[in-house]
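Trainee: I'd like a close look at one part of this structure, the surroundings of the ligands. Could you walk me through it?

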Amino acid sequence: MIDAREWSRSDTIALLRVPTAEDDKYSRGVVALRTGSSAYPGAAVLGVEAAWRTGAGFVRFVGEGRAADAVIARRPETVAALDVGSTRVDAWVIGSGTNPVHRPWEEERALREILAGTAPVIVDAGALDLARTASAPLVVTPHAGEFARLRAGLDLDPDGTGDRADDAAEVAAALGATVLLKGATSIVAAPDGDVVAVSAAPGWLATAGAGDVLAGMLGALAAGNREARPADTAAAAAWLHGYAAARAAGATGGRTGHPIVALDVAESIPAAIEDLLS
Ligand SMILES: NC(=O)C1=CN([C@@H]2O[C@H](COP(=O)(O)OP(=O)(O)OC[C@H]3O[C@@H](n4cnc5c(N)ncnc54)[C@H](O)[C@@H]3O)[C@@H](O)[C@H]2O)[C@@H](O)CC1
Ligand SMILES: Nc1ncnc2c1ncn2[C@@H]1O[C@H](COP(=O)(O)OP(=O)(O)O)[C@@H](O)[C@H]1O
């Protein structure tokens, strides 16, 4: 049984970067999201909002129709187009708000190209089935239901051993990728066998769209920390996500707090970062 180390507030602070006079919008990290669909346009909005709020210097959105319109209506700072061409991308986020059963072939081709690239890719929800085809550095972000499907796709027992750290480490080794297994305590397993546990979140965070916010945050942290280990970036994103949720819910300092929605978490990220940096 793997003994997962608990990820801490100070571990998270080490991954937060204050922009300097030498920075520009590109050096702060360019995130591109290919997320959302006409069925789930909100997931695209949540991820884009979270990426900006986590401190990305530039956020691109790839897509059209309802999702792109919703993204631009909420965040006009975002550059939306049908592809990124040869422009710089430091990290990708794919899959949130998509359903693999209804994936058009053009979408599949575009996702496979991203997964064959060199920029790190955060693979969520409806793109998880493509993770095993990737050569790019990956962080996969399944919840428990998606994790069981991911295991089945790798010819592993979907139920695993019941020990989440062991099971996540097995998937990380099989994929050669970092696994962020979400839950009340999230587990981050690196392909080298290192495993940490992240438990900063209040139960109020168990709300639809919270995972879409996490994916956008992780994209921004990965884009801004290109030298960091993907597992450290993933754990820092999960910790900050939980802390931003606790702050949004008023569940800090021993208080019980109150219900929140996923967008509240994204909106609370800047103040959460300020707390950590002060
Ligand atoms: N506003 C939006 O546009 C939203 C879009 N979303 C998108 O909706 C799509 C479907 O996501 P779902 O997660 O609902 O559906 P899934 O189809 O991935 O799985 C849901 C099924 O998995 C089971 N399950 C087991 N453990 C679970 C766990 N820990 N968390 C969640 N389900 C668990 C559930 O009982 C349920 O039957 C994804 O693309 C997702 O990104 C959701 O994020 C919700 C918000
Ligand atoms: N009981 C809980 N306590 C704290 N955080 C939770 C709890 N249950 C789920 N979470 C967190 O909430 C988020 C839910 O993400 P996910 O299941 O992907 O939702 P969605 O697909 O609707 O965005 C994850 O970050 C997970 O770690």
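To start, how far does a polar side-chain atom of aspartate 212 lie from an oxygen atom of ligand 1?

Mentor: Keep in mind that this is a predicted model, and every value here is computed from it. The distance you're after is 2.8 Å, from a polar side-chain atom of aspartate 212 to an oxygen atom of ligand 1. Arginine 149 does something along those lines: one of its polar side-chain atoms is 2.7 Å from an oxygen atom of ligand 1. Then there's glycine 145, where a polar backbone atom sits 3.2 Å from a nitrogen atom of ligand 1. As for cover, ligand 1 on its own has 840 Å² of accessible area, and the protein covers 50% of that.

Now step back to the whole shell. Ligand 1 is surrounded by 15 residues, and the closest are Ala43, Gly97, His143, Arg149 and Asp212. So far as secondary structure goes, α2 (41-53) and α5 (144-153) each put at least two residues into this shell. Of the elements, α5 gives the most, with four residues. Sort the shell of ligand 1 by class and you get five nonpolar, seven polar and three charged residues.

Aspartate 212 is a handy bridge to the other ligand. While its side chain faces the contact with ligand 1 that you asked about, with a polar atom 2.8 Å from an oxygen, a backbone N or O atom of aspartate 212 lies 3.2 Å from an oxygen atom of ligand 2. Ligand 2 has other polar partners too. A polar side-chain atom of lysine 182 is 2.6 Å from an oxygen atom of ligand 2, and a polar backbone atom of glycine 209 is 2.8 Å from an oxygen atom of ligand 2. For ligand 2, the accessible area on its own is 580 Å², of which the protein covers 76%.

Around ligand 2 there are 17 residues, and Lys182, Gly183, Gly209, Gly211 and His241 are the closest. Helix α7 (residues 210-224) gives the most to this shell, with four residues. By class, the shell of ligand 2 has eight nonpolar, seven polar and two charged residues.

For some wider context, UniProt, in an unreviewed entry, places the feature "domain: YjeF C-terminal" at residues 8-276. The end C-alpha atoms of that span are 11 Å apart, and the span is 41% helix and 13% strand.

Two loops are worth a glance while you have the model open. One is the loop between α5 and α6 (164-175), where you'll find aspartate 155. Aspartate 155 is not a glycine, yet its phi is positive, at about 60°. The other loop runs between β6 (121-123) and β7 (138-140) and holds alanine 125. Alanine 125 also has a positive phi, near 40°, in a residue other than glycine.

Finally, a word on enclosed space. The structure holds one cavity of 30 Å³ or more, and about 30 Å³ of space lies in the largest cavity. Its lining is made up of Trp7, Val188, Ala190, Asp194, Val195, Val196, Ala231 and Asp232. Among the elements, β10 (195-198) and α8 (230-248) are the ones that give two or more residues to that lining. The class split for the lining is six nonpolar, no polar and two charged residues.

Methods
Residues numbered from 1 in each chain as written. Chains lettered and ligands numbered in written order. Predicted model: local features only at pLDDT ≥ 70, side-chain atom pairs only at ≥ 80, totals over all residues. Heavy atoms only, no water. Near = heavy atom within 4 Å. Polar contact = N/O pair within 3.5 Å; in protein donor to acceptor, adjacent residues only side chain to side chain. Areas by Shrake-Rupley, 256 points an atom, 1.4 Å probe, with all protein chains shown as cover. Nonpolar A, V, L, I, M, F, W, Y, C, P; charged D, E, K, R; others polar. UniProt positions renumbered as here; feature names shortened; annotations may be inferred. 1 Å grid on protein atoms, 1.4 Å probe; cavity = no way out; pocket = protein on both sides within 12 Å on 5 of 7 lines; lining within 4 Å. Points joined across faces, edges and corners; volume = space filled by probe spheres on them.
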